[in-house]
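Here are my notes on this one, written as numbered points. Have the viewer open while you read.

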Amino acid sequence: MTTTTEDRTYTAKDFQQPNANDWCPGCGDFGIINAMHQASAKLGLDPSSTVTVGGIGCSGKAPYYMGNYGVHTLHGRPIPFATGIKLANPDLTVWVASGDGDALGIGAGHFVGVGRRNVDITVVMFDNEVYGLTKGQAAPTLELGLQTKSLPVPNSQQKINPLMMAYACGFTWIGRGYSYNIKQLVDLMMQAMTHKGLAFLDVLQPCPTYNNLHTKEWYSGKDLEQPRPRVQPLPEDYNPLIDKDTSEEQALDHARQFMIESHRWGLDIPTGVFLENRGINSFAERIRERVASYAESTPAQKVIEDENGHSNVDLTSIFDELAVN
Ligand SMILES: Cc1ncc(C[n+]2csc(CCOP(=O)(O)OP(=O)(O)O)c2C)c(N)n1
Ligand code: SF4
Ligand SMILES: [Mg+2]
């Protein structure tokens, strides 16, 4: 897989990073990072203009295995870091690599906040239903009553439907993939990255070390009498698109369809693009409309010191622009 920018050609290999990897053998994380390498190359991105922001967890280590800029942040905090990076320099393409605990447990408040803002970043959620790094406690996506091998008793809490959660918060692109369907995953990542606004990609992944229930065999349907993969594409007539011309009635129809498909979790688990809403301004566009100096040059482009290394930032002009008279 090869792509060319003005200066040179980048391949998936250019997005790899030869750091020692400590994910367990057979972990779904390998499929996800592989798809991130491939999607980055296929999109023709330059590694120096992309950033991966990780939280804390096995998933949070993703920036170490991506050959671009990266930050390993705090548990539950990759979304606000990524928001700052993107707003400071909108020319960057920004990935968030977050676990299901990181995004929907400790980081749930940031998940809600970023949804309201529609920041132009892609949140990839590594969904293994457990807290992998801390030895397998129940994550917010583990179903009520299931008992994975680290739990002394069955899970006593209901699971969150991550797609509905993203919908309710205001994410404008929502999809679901599976770590061992790399072809589909690459395609979903490319769509998420090119969407002009906030994208959420829920990636189902086995954790062979702590999730002994939803294994690779379970996802591939090998436990069924009539073996067929549980992970299936959305029905062909499912239309994820919403834009400014969508009527209220069509939006309601879509919401109904979204709810039905996103709750389907049994012999079939649908994957694909559930929502693509093109009708909502990104946060940077909203700021540009309001703050003239942001429209002229973004924070990353501003000269912030004089020749002697002293700050030359004049905050009064910003205050003047924002003052309510
Ligand atoms: C503030 C804070 N609280 C708790 C922890 C401990 N901790 C580290 S990772 C983690 C859970 C990781 O689970 P998840 O986000 O699902 O990622 P996974 O390891 O499954 O990829 C927890 C609770 C921490 N590092 N920081
Ligand atoms: S504990 Fe689970 S999620 Fe973490 S690296 Fe091992 S298999 Fe993967
Ligand atoms: Mg997890």
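1. Which residue stands opposite Val124 in β6? Ala97 does. A word on conventions before going on: this is a predicted model, where local features need pLDDT of at least 70, side-chain atom pairs count only at pLDDT 80 or more, and totals for chains, interfaces and linings use all residues. Residues are numbered from 1 along each chain as its sequence is written, chains are lettered from A and ligands numbered from 1 in the order in which they are written, and side-chain values use heavy atoms, with hydrogens and water left out.

2. Let's stay with β5, residues 93–99 (strands are DSSP E runs of at least two residues, helices H or I runs of at least four, both numbered from the N terminus). Seven of its seven residues are buried, where buried means under 20% relative accessible area, exposed over 50% and partly exposed in between, with a 1.4 Å probe and protein chains only. Thr93, Trp95, Ala97 and Gly99 point one way, while Val94, Val96 and Ser98 point the other.

3. β5 has parallel partners on record here in β3 and β6. Strand β3 (residues 50–54) is joined to β5 by five bridges, with Val51 and Val94 as bridge partners. Strand β6 (residues 122–127) pairs with β5 over five bridges as well, again in the parallel sense. Pairing here requires that DSSP finds at least two bridges between the strands.

4. Follow the pairing from β6 and you get to β10 (residues 199–204), parallel to β6 over six bridges, with Phe126 opposite Val203. β10 is parallel to β9 (residues 173–178) too, again through six bridges, and Ile174 has Phe200 as its bridge partner. Both faces of β10 are covered: Ala199, Leu201 and Val203 are buried on one side, and Phe200, Asp202 and Leu204 on the other.

5. Ser98, in β5, deserves a click. Its relative accessible area is 2%, so it counts as buried. The Ser98 side chain reaches the backbone nitrogen of Ala103 at 3.3 Å; a polar contact is a pair of N or O atoms within 3.5 Å, and within protein one must be able to donate a hydrogen and the other to accept it, with residues adjacent in sequence counted only if both atoms are side-chain atoms. Leaving out residues up to four places away in sequence, Ser98 touches Ser59, Pro78, Ala103, Val124, Met125 and Phe126 (contact means heavy atoms within 4.5 Å).

6. Now the metal. The magnesium ion (ligand 3) takes its protein donors from Asp100 (OD), Asn128 (OD1) and Val130 (O), at 2.1 to 2.2 Å. Donors are N, O and S atoms within 2.8 Å of the metal (3.2 Å for Na, K and Ca); water is not among the atoms, so sites may look incomplete. Along the chain the donors follow the spacing D-x27-N-x1-V. Asn128 and Val130 are both buried.

7. Ligand 1 shares this neighbourhood. It is surrounded by 16 residues, the closest being Cys58, Ser59, Asp100, Asp102 and Gly132, where a residue is near a molecule or strand if one of its heavy atoms lies within 4 Å of it. Oxygen atoms of ligand 1 come 2.8 Å from a polar backbone atom of Cys58, 3.0 Å from a polar side-chain atom of Asn128 and 3.0 Å from a backbone N or O atom of Val130.

8. What surrounds ligand 2? The list is Trp23, Cys24, Cys27, Cys58, Asn128, Gly132, Cys207, Pro208, Thr209 and Tyr210. By class that is seven nonpolar, three polar and no charged residues (Ala, Val, Leu, Ile, Met, Phe, Trp, Tyr, Cys and Pro count as nonpolar, Asp, Glu, Lys and Arg as charged, and the others, Gly among them, as polar).

9. Back to Asp100, this time from the side of Thr141, a residue in the loop between β8 (137–138) and α5 (162–169). Thr141 counts as buried because its relative accessibility is 3%. Its side chain makes polar contacts with the side chains of Asp100 at 3.0 Å and Asp127 at 2.9 Å. Beyond four places in sequence, the contacts of Thr141 also include Leu104, Met125 and Lys159.
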